[in-house]
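Please open the model in a viewer and keep the sequence panel visible. The stops below indicate what to select at each step and what is found there.

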Amino acid sequence: MRLDKFISQQLEVSRAIAGREIRGRKITINGEVVRDTAYKVLPDDAVEYDGNPLTVQQGPRYFMLNKPQGYVCSTDDPDHPTILYFIEEPAAFKLHAAGRLDIDTTGLVLLTDDGQWSHRITSPRHHLEKTYLVELEQPLDAGLIEKFAAGIQLHNEKDLTKPAQLEILDEKAARLTLSEGRYHQVKRMFAAMGNHVTALHRESIGEIVLDEELGEGEYRELTEAEINSIGLPDELKQRK
């Protein structure tokens with residue numbers, strides 16, 4: 001990566017300002033001042049700005065976050081705090097959520113800067129299962145299990161939802177597994193059955209399960225097994 005681009009990303013400034021800082025002898029690489037904005041930064045370079053080390057990113061990044069209520073999954077929002085508030089990583093602004101949750105929904109969010117990887121999570125063609133814990137306003141009827149398995153007719157939708165697995169946990173709580181991601185789908189499915197979702201928590205995406213050790217607002221890097229479980233093409237797996 002060009003040095004001016006690297007500094008721009010690290011300091012979150014424009015390329016022009018980054019170039020000015022480089023020419024101003026603010027940047028050292030491996031202990032030597034570098035003033036060439038086109039210098040190619042390598043993964044093993046030790047880059048410092050005004051004596052402060054900057055991390056050279058090596059390859060794409062993958063994290064899981066236990067999202068609390070009150071945060072949106074976009075990278076920037078004028079009205080609400082975003083999940084990037086919790087991410088203490090260099091150039092965190094480059095990360096995006098691979099499958100968003102509503103502001104009032106909690107649980108597993110995956111963040112990455114790998115667009116191909118996140119596409120396999122969000123693309124309807126891959127039918128990746130997602131599991132939610134659902135709390136309801138009204139008692140659940142056992143007959144809903146067959147109805148969800150057969151598909152639900154949502155308001156203003158032409159096609160039935162794909163078969164979903166409903167497990168009733170107690171009178172007003174259930175676990176629901178979907179293989180698609182329509183707009184507000186879980187809430188709309190229960191609304192179509194005359195019930196109202198009072199709390200929604202995502203437990204898993206595919207084989208990636210929310211780490212029980214993560215408190216609300218906490219995150220960790222994904223393991224190699226978790227990353228590869230999404231089903232990357234072979235050429236991408238070989239880069240991990």
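Begin with the lining of the largest pocket in this predicted model, whose residues divide into 12 nonpolar, 10 polar and 9 charged. The lining comprises 31 residues in total. To place the view, select Arg100, Tyr132, Gly181, Arg182 and Arg202, the lining residues that lie nearest the centre of the pocket. The space in this pocket amounts to about 640 Å³. Next, colour helix 3 (115-122), strand 8 (130-136), helix 5 (185-192) and strand 11 (197-205), the elements that each give two or more residues to the lining. Which element provides the largest share of the lining? Helix 5 does, with 3 residues.

Remain with helix 3 for the second stop. Display Trp117, Ser118 and Ile121, which are buried. These residues span an arc of only 90° around the axis and therefore lie on the same side of helix 3. Then move to the start of the helix and add Asp114 and Gln116. A side-chain oxygen of Asp114 comes to within 3.2 Å of the backbone nitrogen of Gln116.

The third stop is a second helix. Select residues 15-23, which form helix 2, and show Ala18, Gly19, Glu21 and Ile22. Are these four residues buried or exposed? Ala18, Gly19, Glu21 and Ile22 are buried. Their arc around the axis covers only 160°, which puts them on the same side of helix 2. Rotate the view to the other side of helix 2, where Ala16 and Arg20 are exposed.

For the fourth stop, select strand 5, residues 62-67. Of its 6 residues, 6 are buried, so strand 5 is largely enclosed by the rest of the structure. Inspect its two faces in turn: Tyr62, Met64 and Asn66 are on one side, and Phe63, Leu65 and Lys67 are on the other. Both faces of strand 5 are covered.

Now add the partners of strand 5. Strand 7 (residues 106-112) pairs with strand 5 in the antiparallel sense, over 6 bridges. Within this pairing, select Phe63 and find Leu111 of strand 7 standing opposite. Strand 13 (residues 219-221) also runs antiparallel to strand 5 and is joined to it by 3 bridges. Here, Leu65 has Tyr219 of strand 13 as its bridge partner.

The fifth stop is an open sheet of 4 strands with antiparallel pairing. Trace its strands in the order 2-1-3-4. Strand 2 (32-33) and strand 4 (52-54) stand at the edges with a single partner strand each, so one side of each has no neighbour in the sheet. Continue to strand 1 (residues 27-29) and strand 3 (residues 47-49), which are linked in the antiparallel sense by 3 bridges. Select Thr28 to locate its bridge partner in strand 3, Glu48.

Finish at a hairpin. Select strand 9 (residues 165-170) together with strand 10 (residues 173-178); these pair in the antiparallel sense over 5 bridges. How many residues lie between the two strands of this hairpin? There are 2 residues between strand 9 and strand 10. As a last selection, show Gln165 and its bridge partner in strand 10, Thr177.

Methods: Residues numbered from 1 in each chain as written. Predicted model: local features only at pLDDT ≥ 70, side-chain atom pairs only at ≥ 80, totals over all residues. Heavy atoms only, no water. Pairing = 2+ DSSP bridges. 1 Å grid on protein atoms, 1.4 Å probe; cavity = no way out; pocket = protein on both sides within 12 Å on 5 of 7 lines; lining within 4 Å. Points joined across faces, edges and corners; volume = space filled by probe spheres on them. Nonpolar A, V, L, I, M, F, W, Y, C, P; charged D, E, K, R; others polar. Buried < 20%, exposed > 50% of the residue type's maximum accessible area, 1.4 Å probe, protein only. Arc of directions from axis to C-beta. Polar contact = N/O pair within 3.5 Å; in protein donor to acceptor, adjacent residues only side chain to side chain.
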